[in-house]
Amino acid sequence: HLAATADFRKSYGAPALIVMGSEGKGMSRELADACSTLVRIPMKGGAESLNVAVATALMLYEVVKP
């Protein structure tokens, strides 16, 4: 989430629900407000976000990594 301050590289407890926003519009304020934690994937350069498929893959890896 663009307003998030937490880095996505953290320990996620089970169970975990990952909510991803759509490309372009992101997620609605109501949906973001319902989330317990908003995270951000740090980007180099001028890019603000990744393709949603790539971002989802990174998030899923973080959730299941040993």
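These are my notebook entries on what I looked up in this structure, which is a predicted model.

**Entry 1, the pocket.** I began with the open space in the model, and I found that the largest pocket holds about 960 Å³. Its lining is made up of 34 residues, and I noted that His1, Val19, Gly21, Met27 and Val39 are the ones that lie nearest the centre. When I sorted the lining residues of this pocket by character, I had 19 nonpolar, ten polar and five charged. I then asked which helix or strand supplies the largest share of the lining. Helix 2 does, with three residues, and I wrote down that strand 2 (39-40) and helix 2 (52-64) each bring at least two residues to it.

**Entry 2, Met27 and His1.** I followed one of the residues nearest the pocket centre, Met27, and located this residue in the loop between strand 1 and helix 1. Is Met27 buried or exposed? Met27 counts as buried, because its relative accessibility is 18% and the cut-off for buried is under 20%. I also checked its distance from His1, and the C-alpha atoms of Met27 and His1 are 8.1 Å apart, although 26 residues separate the two along the chain.

**Entry 3, the surface patch.** Turning to the outside, I found a nonpolar patch on the surface formed by Leu17, Val19 and Leu31, which together have about 280 Å² of accessible area. Val19, I noted, appears here as well as among the residues nearest the centre of the largest pocket. Leu17 sits in the loop that runs between strand 1 (6-7) and helix 1 (29-34), and I recorded Leu17 as exposed because its relative accessibility is 76%, where exposed means over 50%.

**Entry 4, a cis peptide bond.** In the loop between strand 1 and helix 1 I also came to Pro15, and I looked at the bond that leads into this residue. The peptide bond from Ala14 to Pro15 is cis, and its omega is near -5 degrees.

**Entry 5, salt bridges.** How many salt bridges does the structure hold? I found two. One of them joins Asp7 to Arg9, with 2.7 Å between the closest N and O atoms, and Asp7 is partly exposed at a relative accessible area of 28%. The side chains of Lys65 and Glu62 form another, with 2.9 Å from N to O. I compared the two partners in this pair, and Lys65 counts as partly exposed at 35% relative accessibility, whereas Glu62 counts as buried at 8%.

**Entry 6, Leu38.** Last, I looked up Leu38, which is placed in the loop between helix 1 and strand 2. Leu38 counts as partly exposed because its relative accessibility is 24%, a value that falls between the limits of 20% and 50%. I closed the entry with a distance: the C-alpha atoms of Leu38 and Ala57 are separated by 17 Å, and the two residues are 19 apart along the chain.

Notes. Residues are numbered from 1 along each chain as its sequence is written. This is a predicted model: local features need pLDDT of at least 70, side-chain atom pairs count only at pLDDT 80 or more; totals for chains, interfaces and linings use all residues. Side-chain values use heavy atoms; hydrogens and water are left out. Patches are made of residues with over 30% relative accessible area and no salt bridge: like charges are joined within 9 Å, nonpolar side chains (Val, Leu, Ile, Met, Phe, Trp, Tyr) within 5 Å. Accessible areas come from the Shrake-Rupley method with a 1.4 Å probe; for residues, only the protein chains shown count as cover. Buried means under 20% relative accessible area, exposed over 50%, partly exposed in between (1.4 Å probe, protein chains only). On a 1 Å grid over the protein atoms alone, a cavity is a set of points where a 1.4 Å probe fits but cannot get out, and a pocket is an open set with protein on both sides within 12 Å along at least five of seven lines; lining residues have an atom within 4 Å of a point. Grid points are joined across faces, edges and corners, and a volume is the space filled by probe spheres set on the points. Ala, Val, Leu, Ile, Met, Phe, Trp, Tyr, Cys and Pro count as nonpolar, Asp, Glu, Lys and Arg as charged, and the others, Gly among them, as polar.
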